[in-house]
Structures are given as C-alpha cells and as structure tokens.
Amino acid sequence: MAEITYDDDADLSIIQGKKVAIIGYGSQGHAHALNLKDSGVDVVVGLRPGSGSWEKAEKAGLEVKDVPEAVAEGDVVMILVPDQVQRFVYKDQIEPNLKPDAALFFAHGFNIRYGYITPGEGHDVCMVAPKGPGHKVRESFVQGIGTPDVVAVEQDASGQAWPLTLSYAKGIGGTRAGVITTTFTEETETDLFGEQAVLCGGVSHLIQAGFETLTEAGYQPEIAYFEVCHELKQIVDLINEGGITKQRWSCSDTAEYGDYVSGPRVIGPQVKEEMKGVLADIQDGSFARRFIADQDNGALEFKALRSEEEQHPIEKTGQALRKHFGWTQGDDDYTDGSAA
Ligand code: NAD
Ligand code: MG
Ligand code: MG
Ligand code: MG
Ligand code: MG
C-alpha cells in the first residue's frame, strides 16, 4: 500500500518559516504562489523582466522580482518554468544565485530523471507534483478541498528534506486531499506515460477517431460531437466519483453491454502492445531526447503538429456548439496561458 500523508502529519510552520521563491507564473506557478501566500508563507515570484505575468502577479498581491534576485532570497526555490527551458534557466539564473543551503523544488521530475539538471550536493532536491492542472490546484484550494500531490526527495542534504516537502505540500493544499510518496523516477515515467497513452494522447485521439468514423459515415458533425466528446465529461465525472463500476451502473444496460463487447474490439491487444512501446521510449530516455532535440531546434515539429491538430474538424464543430449552447461561456478563451 502506498504511503499517503494528510494534513495532520504535515507541519505547516516549517514552510511558514522559509522564504519561497516561485520561478515562473504559469499554470502551476500562479497556483503555488497564491496558495502558499494564503497559507501564510513568505513568497517571492521570479520572472523575466518584461514578462506579461509580472503585472498579473503583482495585482494578485505578490512580490515579484527578476529570477536571479528572487532565487538569491529563496530558502526554497520552486522551478515552475516549462520543462524544456528549466536547464537553461537553472544554469544561467538559478545555480549562480542559490543560497548554499537552499532547497530546490520541482513539480515534475523530468530534468532530474533525465540528467538535464544536476544540483550541487548541498541542496535538498524535492518534488511536490500536483495531480491536476494548475488552474484546478488554485480553484480547489479556494474551495477548501485541495488537489492531491505526489511527493519525492531525490537528495536529502539537510536531513530535513521530507518534513519540508510535506510542509510545502500542505501549503498548497495537497495534504487536504492526501499526498503519495514516490520517487523522481517513478513520477516522471508514470506522468509521461499517463499523459501520452491515456489522459492527453489516448483520449484526444480516441475522440477524433470516433468523430471521424461517424462523420465519414454521413452523420451530422454536431451530433457526432455530442456523442463522442461532450458527454465524455459526465462519464469521467462518474468514474472519478465511483470508479468505472459507478459509470457502468449509471449508464443504461445497453451502454454497459456495448462497453463489454465492443470496448475490447476498439482497445484491443495491439493497443496495449503500443502502450508498452510508448513506456519503453519513456524509460530509455528516447522520448525525452526527441522532445528536447525538437525544442532546441525551435520546436519545429511541435509547432507543426500543434497547428495540424488545431485544424481537425471537431475543433470547429465544438467551438460553434459551445458558443451556441453557452454552457462554457468564455472557456474557449485560454490563450493567456497554458492549461495542461
Ligand atoms: P507554463 O507553461 O504554464 O508556465 C511557465 C511559466 O514560466 C510562465 O510564467 C512563463 O512566462 C515562464 N517562463 C517561460 N520561460 C521562461 C524563462 N526562460 N525564464 C523565466 N520564466 C520563464 O508551465 P506549467 O505547465 O505550469 O509547468 C511548470 C512545471 O510544472 C513543469 O515542470 C510541469 O511539468 C509541471 N506540472 C505542470 C502541470 C500543469 O498543470 N500545467 C501539472 C503538474 C506538473
Ligand atoms: Mg506531465
Ligand atoms: Mg448516448
Ligand atoms: Mg447501468
Ligand atoms: Mg501547457
């Protein structure tokens, strides 16, 4: 059984006694900074001069400095810039300004697991990785619920890295929901696999394939959108509440029988074989190398894939429908930052 820590076993006063530098103010950065501040922690946000987020963070009542200055003040430095730029920001702006005993925190193990960042021996190296998008980490904190985290310590220089990690997790609301002990390796490999095979890659392409199958067969795209995309949220909510069993209980017997006989035809043994291949590429580092090589090449492949996928017909159909029905007014306006 996994080791799970809740509020009672984490001491908030530890992180309240530290200055925490949050580097980056994107999806995770804004949530960590604001949640910690609301938990009575002394926070400074580190940003690039001229960054669009500077004003946003100040308006939210946060102290903002450029990255080197914020790092120099931090007893705890949480790195929340995109994974592909962390090693540059670390080398140029973080490492030279770190206090000798500062603790380095990450919300994903990518750069440590694949060796892109190697912190000096004097630093605690810790992870508090929320299992949810940053905007949900903030929203759930405000609601008093919290988002679960996975936590890890790669390097315990102070001998106090674990209580510090749990204290940080409490500060962002994670221990309200429970935080699971892991390692940088397990978190990195399972996080990448989950998002590629199931949560992002798997689900997106399952929806697209379903939409294509129906519209190519002559059905109306709007109807197809409802059947293979819109209803997914309700289905996932049921799974989230009570597992796949609750979802099957709530659906009709017709749907449930179809699940048993047709589901395995769609997600057949070949899908699992491909999943094993995806996992192997994550474990041997080839996915990481491919991602970083493309990023270092101006993200040419990444940007081409993004614009190609944005042209998928379901995106247009969905945009028009969401506007028309108005159940998510304004939610198509996500251009100010990134989500997942
Ligand atoms: P993001 O893309 O939303 O935000 C990145 C921030 O860094 C922005 O404020 C951007 O302006 C800033 N930035 C970019 N380049 C910079 C530079 N060179 N110098 C200074 N600042 C720079 O990032 P994110 O999605 O919040 O991801 C941050 C970390 O959190 C990553 O390690 C990611 O894997 C992890 N994580 C993210 C999520 C999520 O929900 N997005 C969930 C769990 C873990
Ligand atoms: Mg991830
Ligand atoms: Mg139906
Ligand atoms: Mg049923
Ligand atoms: Mg993103």
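1. The buried residues of helix α8 are L164, T165, L166, S167, Y168, A169, K170 and G171. The helix spans residues 161-171, and with eight of its 11 residues buried it is mostly covered. The model discussed in this note is a predicted one. Just beyond the end of α8, G173 adopts a positive phi of about 95°. For the reading of any helix, it is useful to recall that an α-helix has 3.6 residues a turn, so residues three or four places apart point the same way.

2. The protein is divided into two parts: domain 1 covers residues 4-181, and domain 2 covers residues 194-325. Taken over C-alpha atoms, the centres of domain 1 and domain 2 are 31 Å apart.

3. How are the strands of the open sheet ordered? Nine strands take part, in the order β1-β9-β8-β7-β6-β5-β2-β3-β4, and their pairing is mixed. At the edges stand β1 (4-5) and β4 (63-66), each of which pairs on one side only. As background, strands of a sheet pair through backbone hydrogen bonds, either parallel or antiparallel.

4. Strand β2 deserves a closer reading. Four of the five residues of β2 are buried, and the strand is therefore mostly covered. Residues 19-23 make up β2, and five bridges join this strand to β3 (residues 42-47), the two running parallel. Within this pair, K19 stands opposite D42, and I22 stands opposite V45. The elements β2, α2 and β3 together make a β-α-β unit, which is right-handed.

5. Strand β2 also pairs with strand β5 (residues 76-79), again in the parallel sense, over four bridges. Here the bridge partner of I22 is M78 in β5. I22 thus has a counterpart in β3, namely V45, and another in β5, namely M78.

6. Continuing along the sheet, β5 pairs with β6 in the parallel sense over four bridges. V77 stands opposite L104 in β6. A further right-handed β-α-β unit is formed by β5, α5 and β6.

7. Which residues of strand β6 point one way, and which the other? In this strand (residues 103-106), A103 and F105 point one way, while L104 and F106 point the other way; all are buried. The general background is that in a regular strand the side chains alternate between the two faces of the sheet. Strand β6 is also joined to β7 by three bridges, and these two strands run parallel. F105 has C126 as its bridge partner in β7.

8. V150 lies in strand β8, which comprises residues 149-155. V150 counts as buried because 24 other C-beta atoms lie within 10 Å. The chain separates V150 from P130 by 20 residues, yet the C-alpha atoms of these two residues are separated by 6.4 Å.

9. The surroundings of ligand 1 form the next topic. 26 residues surround ligand 1, and the closest are G24, G26, S27, Q28 and H108. Three elements, α2 (27-38), α5 (83-94) and β7 (125-130), each supply at least two residues of this shell. By class, the shell contains 13 nonpolar, 11 polar and two charged residues.

10. Under the heading "binding site", an unreviewed UniProt entry lists Y25, G26, S27, Q28, R48, S51, S53 and G134. Among these listed positions, G26, S27 and Q28 also belong to the residues closest to ligand 1 in the model. Y25 is located in the loop between β2 and α2. Why does Y25 count as buried? The reason is its number of C-beta neighbours inside 10 Å, which is 28.

11. The unreviewed UniProt entry also lists S252 under "binding site". S252 is found in the loop between α13 (232-250) and α14 (253-266). Is S252 buried or exposed? S252 has 9 C-beta neighbours inside 10 Å and therefore counts as exposed. The two listed positions Y25 and S252 may be set side by side: Y25 is buried, whereas S252 is exposed.

How values were computed: Residues are numbered from 1 along each chain as its sequence is written. Chains are lettered from A and ligands numbered from 1 in the order in which they are written. This is a predicted model: local features need pLDDT of at least 70, side-chain atom pairs count only at pLDDT 80 or more; totals for chains, interfaces and linings use all residues. UniProt positions are given in the numbering used here, feature names are shortened, and annotations may be inferred rather than shown by experiment. A residue is buried if 20 or more other C-beta atoms lie within 10 Å of its own, exposed if 12 or fewer, and partly exposed in between; C-beta atoms are placed from the backbone. A residue is near a molecule or strand if its C-beta atom, placed from the backbone, lies within 6 Å of it. Ala, Val, Leu, Ile, Met, Phe, Trp, Tyr, Cys and Pro count as nonpolar, Asp, Glu, Lys and Arg as charged, and the others, Gly among them, as polar. Domain bounds come from an automatic or database domain assignment. Two strands pair if DSSP finds at least two bridges between them. A crossover is right-handed if, with the strands pointing away from the viewer, the path from the first strand over the helix to the second runs clockwise.
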